[in-house]
Amino acid sequence: MSPNSAGRAEKLGYTNVKVYHEGLPEWTKRNCTVLSSQFLKDAYIDKDIPHVLLDVRDAASARKGFIKGAVTMPAASIAANIAAFPPKDKKPPIIVYDQNGGDNAKNAAKTLVASGYTSVTVVTGGMDAWQAAKFPVETGNLATAIVYVPKPRPGEIAIEDFRKIALVTPADTLILDVRNRDEANAGMIKGATLVPDEEILDRLADVPKNRRIITHCSTGVRAEMAYHKLKEKGYNVAFLNAKVDIDKDGNFKLEKP
Amino acid sequence: MPFVRSSTGLALVLASAITVNAGPAVSQEKTAPPQAKPTVAKICSNCHQPEAGSLRGNFDGVAYKTQSIQVKIDDTTEILRFDKAALKVQNVPAENPDEPLRSIKKGKEVRIAYTEKDGKKTATLVVAKPAIKIAPEKLLSTTEVEKLVANGPEKGGYLLIDARPAPRFMEGAIPTAINIPFPAFEKMTDKLPKDKNALIVYYCAGMT
């Protein structure tokens, strides 16, 4: 998506367009990401997407007003408590806030990234921004134990289930490869059908309605976009939320994103 | 969700507009000019305008025996003749030097230049869409992006754009990035800098 966007910007006459092609997967190995308090509420709390929410202020400040679901863990104590976190390979989204989105939260995030967590996000503006947005504030004692129960995203198929279907695809199921043609030309899963995500709505005739559709791409992002498009059109559809590598013979490697 | 909107939404709007203005259907049919066949497939029209003597669509097949090419432009199929000796083919792997069109996979985006005589089209050039490759000087490394972000957009003089769908952006993005999902590019050009020489950096979820 970024090379395509860059191409369009150049068509508009922009002369200094660059692409950070390695993108988020590389960024998050070394850095945290950010989100606004609005997005914390909309994308995680209201949608009930499993995550770990850390209040990294000192315990006394936290008790005066915190975000529901937060675990108290002052920034300086994170390294000593790293064993209390969910295993790294589960890739839990860890969201960190302090009073104002300052160094306290950033240092806490750094510690977590350095410990190998690859989805560490700081709330921009911290508790101040949350309160300025008039979102609900809890007072009293915070949780002290981290509880993280992973849950698939809506429409997500388990990686192991996908693997079985990709090896032996039942007659009532179709694997839909939604990558672009150049990616597909380098190798496709045997029996899969290619309809690039951006073409799906124009090519619904190529997607059978009487079969279960399972979309995949190379990262899970386009597969999920395609899932929503097909779901809206009434398809029985699921998507693979995984990093997918396919060689020219159709052998594939799946990895949690 | 805004990012899954597509031409369908527009098509519905157009269709309803036509219904409203149609008046008595019969007389309308008589006066309406015949619909010209499209020359550029929708998927190509994102980046390309129609031009005389040129078709853009998905390669459908070739018959060297009858020297004809079939290309799909959305729901229509165009058949063009070609002269094997005169036809030029570009951006195709050199595995079939005698019959290069055989190396183009069905569905591959192609541009076909042609001449037309007595309503019959003869292809003179077939160009397969090149793989999306980014010139090395246009690539930024993680270290370079880290440096920019550490300085911030004003001091660093950049605009960082996350091209992923909005729900993914909301879950966490590189600091200082704004979100312009690729499918919404055209609708959000007002978010781009006024200065056409400003540094714009795009990223998404990796090598896509």
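**Exercise 1. Work out what share of the contacts in chain A between residues at least 6 apart in sequence join residues at least 24 apart, and describe the chain in which these contacts lie.**

Step 1. In this predicted model, the share asked for is 63%, taken among the contacts of chain A between residues at least 6 apart in sequence.

Step 2. Chain A has 257 residues, of which 46% count as buried, and its secondary structure comes to nine helices and 13 strands.

Step 3. For the model as a whole, the scores are ipTM 0.81 and pTM 0.69.

**Exercise 2. Determine the strand order of the open sheet of five strands in chain A, and say which strands lie at its edges.**

Step 1. Reading across the sheet, the order is β7-β11-β10-β8-β9 of chain A, and the pairing is parallel.

Step 2. The edge strands are β7 (156-157) and β9 (193-194) of chain A, since each of them pairs on one side only.

Step 3. At the β7 edge, β7(A) is joined to β11 (residues 237-240) of chain A by two bridges in the parallel sense, and within this pair A:Glu156 stands opposite A:Phe239.

Step 4. Two helices lie across strands of this chain: α7 (residues 159-167) of chain A lies across β7, β8 (173-177), β10 (212-216) and β11, at about 100 degrees to β8(A), while α9(A) lies across β8, β10 and β11 of chain A and runs at about 175 degrees to β11(A).

**Exercise 3. Decide which residues of α7(A) are buried, and where they lie around the helix axis.**

Step 1. The residues to pick out are A:Phe162, A:Ile165 and A:Ala166, which are the buried residues of α7(A).

Step 2. Seen down the axis of α7(A), these buried residues fall within an arc of 100 degrees, and therefore they line one face of the helix.

Step 3. A general rule is useful here: an α-helix has 3.6 residues a turn, so residues three or four places apart point the same way.

Step 4. The buried residues of α7(A) pack against β7, β8, β10, β11 and β13 (252-255) of chain A, whereas A:Glu160, A:Lys164 and A:Leu167, on the other side of the helix, are exposed.

**Exercise 4. Describe the side of chain A that touches chain B, stating which element gives its largest share.**

Step 1. The contact involves 51 residues of chain A and 54 residues of chain B.

Step 2. On the chain A side, the elements that give two or more residues are α1 (2-11), β1 (16-20), α2 (23-30), β2 (33-35), α3 (37-45), α8 (181-185) and α9 (221-232).

Step 3. The largest share comes from α1(A), with eight residues.

Step 4. Sorted by class, this side of chain A holds 21 nonpolar, 16 polar and 14 charged residues.

Step 5. One of the contributing elements, α2(A), has A:Gly23, A:Leu24 and A:Trp27 buried; these residues are on the same side of α2(A), because they cover an arc of only 80 degrees around its axis.

Step 6. The buried residues of α2(A) pack against elements of both chains, namely α1 and β1 of chain A together with α4 (142-156) and β9 of chain B.

**Exercise 5. Trace how β9(B) pairs with β1(A) and with β7(B), and say why β9(B) is largely enclosed.**

Step 1. Between the chains, β1(A) and β9 (residues 199-203) of chain B pair in the parallel sense over five bridges.

Step 2. Within this pairing, A:Val17 stands opposite B:Ile200, and A:Lys18 has B:Val201 as its bridge partner.

Step 3. Inside chain B, β7 (residues 158-162) is joined to β9(B) by five bridges and the two run parallel; here the bridge partner of B:Leu159 is B:Ile200.

Step 4. Four of the five residues of β9(B) are buried, and therefore this strand is largely enclosed by the rest of the structure.

**Exercise 6. Establish whether B:Pro130 is buried or exposed, and state the confidence of the model in chain B.**

Step 1. B:Pro130 sits in the loop between β6 (120-128) and α4 of chain B.

Step 2. Because B:Pro130 has 10 C-beta neighbours inside 10 Å, it counts as exposed, the cut-off for exposed being 12 or fewer.

Step 3. B:Pro130 and B:Val110 are 20 residues apart along the chain, and their C-alpha atoms are separated by 9.2 Å.

Step 4. Chain B has a mean pLDDT of 83, with 81% of its residues at 70 or more; over residues 1-32 of chain B, however, the pLDDT is below 50, and this stretch has 20 contacts in the model beyond near neighbours in sequence.

Notes: Residues are numbered from 1 along each chain as its sequence is written. Chains are lettered from A and ligands numbered from 1 in the order in which they are written. This is a predicted model: local features need pLDDT of at least 70, side-chain atom pairs count only at pLDDT 80 or more; totals for chains, interfaces and linings use all residues. A residue is buried if 20 or more other C-beta atoms lie within 10 Å of its own, exposed if 12 or fewer, and partly exposed in between; C-beta atoms are placed from the backbone. Two residues are in contact if their C-beta atoms, placed from the backbone, lie within 7 Å. Ala, Val, Leu, Ile, Met, Phe, Trp, Tyr, Cys and Pro count as nonpolar, Asp, Glu, Lys and Arg as charged, and the others, Gly among them, as polar. Two strands pair if DSSP finds at least two bridges between them. pLDDT is the predictor's confidence in each residue, from 0 to 100. Axes are lines fitted to C-alpha atoms, for helices over the stretch in contact, and angles run from 0 to 180 degrees between N-to-C directions. The arc is that of the directions from the helix axis to the C-beta atoms.
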